[in-house]
Amino acid sequence: MAELARCLCSLPANFKARHSWHAVTRLSLSSLLKLRSPSSSCFSSGSCLLSTLSAAPGGRQPKVRAQVSTTDIRRTIADDALLQQFEAVIGIETHVQLSTATKAFCSCPSRYGADPNANICPICMGLPGCLPVLNVKVVECAVKLGLALGADITLNSKFDRKQYFYADLPKGYQISQFDIPIFKNGAIDVDLPVEFGGGHRRFGITRVHMEEDAGKLVHAGGDRLSGSPYSQVDLNRAGVPLLEVVSEPDMRSGLEAAEYAAELQRLVRYVGISNGNMQEGSMRCDVNISVRKKGDEKFGTKVEIKNMNSFSAMQRAIEFEISRQVSLHGEGQPAKIVQETRLWEEGSQRTITMRLKEGLADYRYFPEPDLPEVVLEQSFVDEVRANLPELPEQKRRRYEGMGLSMQDVLVLANDYDVSNFFDMVLVAGGDVKLAANWIMGDVAAFLKNEKLTIKDVKLSPGALAELISLIQDGTISGKIGKEVLVSLLQDGGTAKNIVEAKGLLQGTPSFLAIFLDLRQSSTFLPQKFSASACMKFAAHY
Ligand SMILES: [Zn+2]
């Protein structure tokens, strides 16, 4: 099993992805907390035997060595005047890996990170004579996302076989949905980051359909694949459920595309169907880009970009690709924009040719004969709808209505757990603006330093609300409040108990009375000292 797909191939593994958040899509709490290392990516060599399969139609096309042409290197950034004459048209196909306990059509665990081929059975290995059985949780997840996207549900959908040959797909076909997807015609609402000019956008969703993932080829040997003697197949991922979300070509810039993807990630996390982690491959985006002269109706030739493992990389890849295509127009050579799949090369910050598309792939779809139609009861759909949480867009509008700035709204609503914590602080009586400031300020800083999430700390929403009110009513100063907060984050408890236990009360009746008496009787203290100034003074002692 381990060496099922031996081939002589090589691949520069672990190419270093560069963190560059200068164009981060959103100043989010999570981005403040940690910058995760993108997983390594790799390309197989052109000499790999598998490259002979490159003509095979298939969603999981063989990986072919990236061909770097001198023209790619020569083309840099088109100048602004030229760029202004063109408009980019961007659509995104996203695969979301569902967080179900078991795979789509068998009872194998779908857990990420298990030993290779630990989670397999005859069904997901594609052995003959096996019958798939649909995991109802997959349908539930699809309904949750489709409803969250405001899409039209198809109560009677079906599965189809998508045929292609590749070494990580032992069945020779993928179970997917073709002409009757479970959802069509949805939309995603996005608020662009304030630092990039802000603004609200709505991007259309063409369809959402259910399908299974294929396995994975693991190229072995050293930290570079070149010189590796063989590749191995890991079928743990085979049969893991996916939702494919296809957008309308509504995005016009790298920023809009990255924000679309970030909002989709937020949605899948809010509705609890996936961790949406791009580094683990739980969310994979293929971006189609073309450019056309402003005012033109006709679309230009579209180019697909793969291999982006962060929103930041996606934005930079798209911006490079727009510039490359516009440059070709500027040089009078638009014919050199060909229908192809390109890879984003992080090291050189450019896209490079992966393979040309010589025609539409023929997947020879036909209805999956081993699975019945997917027939949904309206009552089931209604129940799922009734149990959907408040969605990011609804949350942003609510926060906006509470008087928070858009900057604060975006940071707070970005993370489901953070926004829930914030909401619970408000329920416990915390002041809106002060609660937002504490969460985005000292709490976020603590989480970042300690590499923790809001769910990992012992601070309760009630304790933060109490801390805020103790500062508001002058019981403690803001400075003491910061000390109390650290104690609450580390050890939990209530703000009052910590203040009393540590003797942090500001202006306790006796001390404050003495101080005020002193102020009135003393000649060395200026009479103009206000009570609040005295309390601030007292807080230092
Ligand atoms: Zn299985």
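This is a dialogue about reading helix packing in a predicted model.

User: Before turning to single contacts, how many helices and strands does the chain have, and what share of its residues is buried?

Analyst: In this predicted model the chain has 16 helices and 16 strands, and buried residues make up 43% of its 541 residues. Of the contacts between residues at least 6 apart in sequence, 74% join residues at least 24 apart.

User: How should I read the crossing of helix α10 and helix α12, and at roughly what angle do their axes cross?

Analyst: The general idea is that angles from 65 to 115 degrees count as roughly perpendicular, under 35 as roughly parallel and over 145 as roughly antiparallel, with the rest oblique. Here the axes of α10 (residues 416–427) and α12 (residues 461–472) come within 8 Å and cross at roughly 55°, which means that α10 is oblique to α12. The crossing of the two is right-handed.

User: Which residues make that contact, and how do they divide into nonpolar, polar and charged?

Analyst: From α10 come Phe421, Met424 and Val425, while α12 contributes Pro461, Leu464 and Ala465; the residues of this contact comprise 6 nonpolar, no polar and no charged.

User: What does the contact of α4 with α7 consist of, by residue class?

Analyst: The axes of α4 (residues 136–148) and α7 (residues 378–386) come within 10 Å and cross at roughly 65°, and this crossing is right-handed. Glu140, Val143, Lys144 and Leu147 of α4 meet Val381, Val384 and Arg385 of α7, a set that divides into 4 nonpolar, no polar and 3 charged residues.

Notes:
Residues numbered from 1 in each chain as written. Predicted model: local features only at pLDDT ≥ 70, side-chain atom pairs only at ≥ 80, totals over all residues. Axes fitted to C-alpha atoms, helices over the stretch in contact; angles between N-to-C directions. Helix = DSSP H or I, 4+ residues; strand = E, 2+ residues; numbered from the N terminus. Left-handed = near helix turned anticlockwise from the far one by under 90°. Contact = placed C-beta atoms within 7 Å. Nonpolar A, V, L, I, M, F, W, Y, C, P; charged D, E, K, R; others polar. Buried ≥ 20, exposed ≤ 12 C-beta atoms within 10 Å, placed from the backbone.
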